[in-house]
Amino acid sequence: MLDADLVSVLACPYDGAALTYATHTRLLTCQQCRGEFEVRQRIPVLVPELARQSAGNSHPRTTSSRATPDLPEAGG
Ligand SMILES: [Zn+2]
């Protein structure tokens with residue numbers, strides 16, 4: 001159960017749109033991106049990092065050698 005005043009001040013962490021709390025699902029639904037957020041212990045979890053896993057791994061790998069297709073001409 002969430003307070004109506006609390007829901008009115010909540011905003012989507014993605015686009016900042018208003019959220020609607022559904023009592024039957026106990027989820028906060030964004031009206032813009034239709035994102036759903038869980039409510040734990042009367043505290044809405046609006047952290048995007050928890051919603052979806054972030055995979056930002058970039059290896060500093062330099063590729064200097066370039067593979068060029070060197071096909072011999074087949075004369076028949
Ligand atoms: Zn949204």
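## The β3–β4 turn

Start at the hairpin of β3 and β4: two residues sit between the strands, and Q41 takes a positive phi near 55° there. This is a predicted model, so treat the angles here as computed values. Q41 is not a glycine, yet its phi is positive. Q41 lies in the loop between β3 and β4, and it counts as exposed because 5 other C-beta atoms lie within 10 Å.

R42 is found in that loop between β3 and β4 too. R42 also has a positive phi, about 65°, although it isn't a glycine. With 9 other C-beta atoms within 10 Å, R42 is exposed; the cut-off for exposed is 12 or fewer.

## The other two hairpins

Moving back along the chain, the hairpin of β2 and β3 has five residues between its strands. In that hairpin the residue to look at is R34, with a positive phi near 60°.

The hairpin of β1 and β2 has four residues between the strands. Here R26 takes the positive phi, near 55°.

## How the sheet goes together

Those hairpins connect the strands of an open, four-stranded sheet, ordered β1-β2-β3-β4 with antiparallel pairing. β1 and β4 are the edge strands, each pairing on one side only. As background, strands of a sheet pair through backbone hydrogen bonds, either parallel or antiparallel.

Now strand by strand. β1 and β2 run antiparallel and are joined by four bridges, with T20 standing opposite T29 in β2. β2 then pairs with β3 (residues 36-40), again in the antiparallel sense, over three bridges. T29 has E36 as its bridge partner in β3. So if you're tracing across the sheet, T29 is a handy place to stop: T20 is opposite it, and E36 is its partner in β3. Finally, β3 and β4 (residues 43-44) run antiparallel with two bridges between them, and V39 has P44 as its bridge partner in β4.

## What sits in the core

Which residues make up the largest nonpolar core? There are six: C12, L19, Y21, L28, C30 and F37. The elements giving two or more residues to this core are β1 (19-22) and β2 (27-30).

Look along β1 and you'll see the side chains alternate. L19 and Y21 point to one face and are buried, while T20 and A22 point to the other face and are not. From β2, L28 is a good residue to click on: beyond its neighbours within four places in sequence, its contacts are L10, L19, Y21, E36, F37, V39 and P44. Three of the core members, L19, Y21 and F37, turn up in that list.

## V7 and the first helix

V7 belongs to helix α1 (residues 4-9). Is V7 buried, exposed or partly exposed? It comes out partly exposed, because it has 15 C-beta neighbours inside 10 Å; a buried residue needs 20 or more.

Leaving out residues up to four places away in sequence, V7 touches L2, L19 and Y21. L19 and Y21 are the buried β1 residues. V7 and T20 are 13 residues apart along the chain, and their C-alpha atoms are separated by 7.1 Å.

## The whole chain, and how far to trust it

Zooming out, the protein chain has two helices and four strands, following the pattern α-β-β-β-β-α along the sequence. Buried residues make up 9% of the 76 residues. Among contacts between residues at least 6 apart in sequence, 16% join residues at least 24 apart.

As for confidence, the chain averages a pLDDT of 78, and 68% of the residues score at least 70. Where is confidence highest, and where is it lowest? It is highest in β2, at 94, and lowest in helix α2 (residues 48-51), with a mean of 62. Residues 53-58 are another stretch to keep in mind: pLDDT stays under 50 there, and the model has one contact beyond four places in sequence for them.

How values were computed: Residues numbered from 1 in each chain as written. Predicted model: local features only at pLDDT ≥ 70, side-chain atom pairs only at ≥ 80, totals over all residues. Core = buried A, V, L, I, M, F, W, Y, C linked by C-beta atoms within 7 Å. Contact = placed C-beta atoms within 7 Å. Pairing = 2+ DSSP bridges. pLDDT = per-residue confidence, 0-100.
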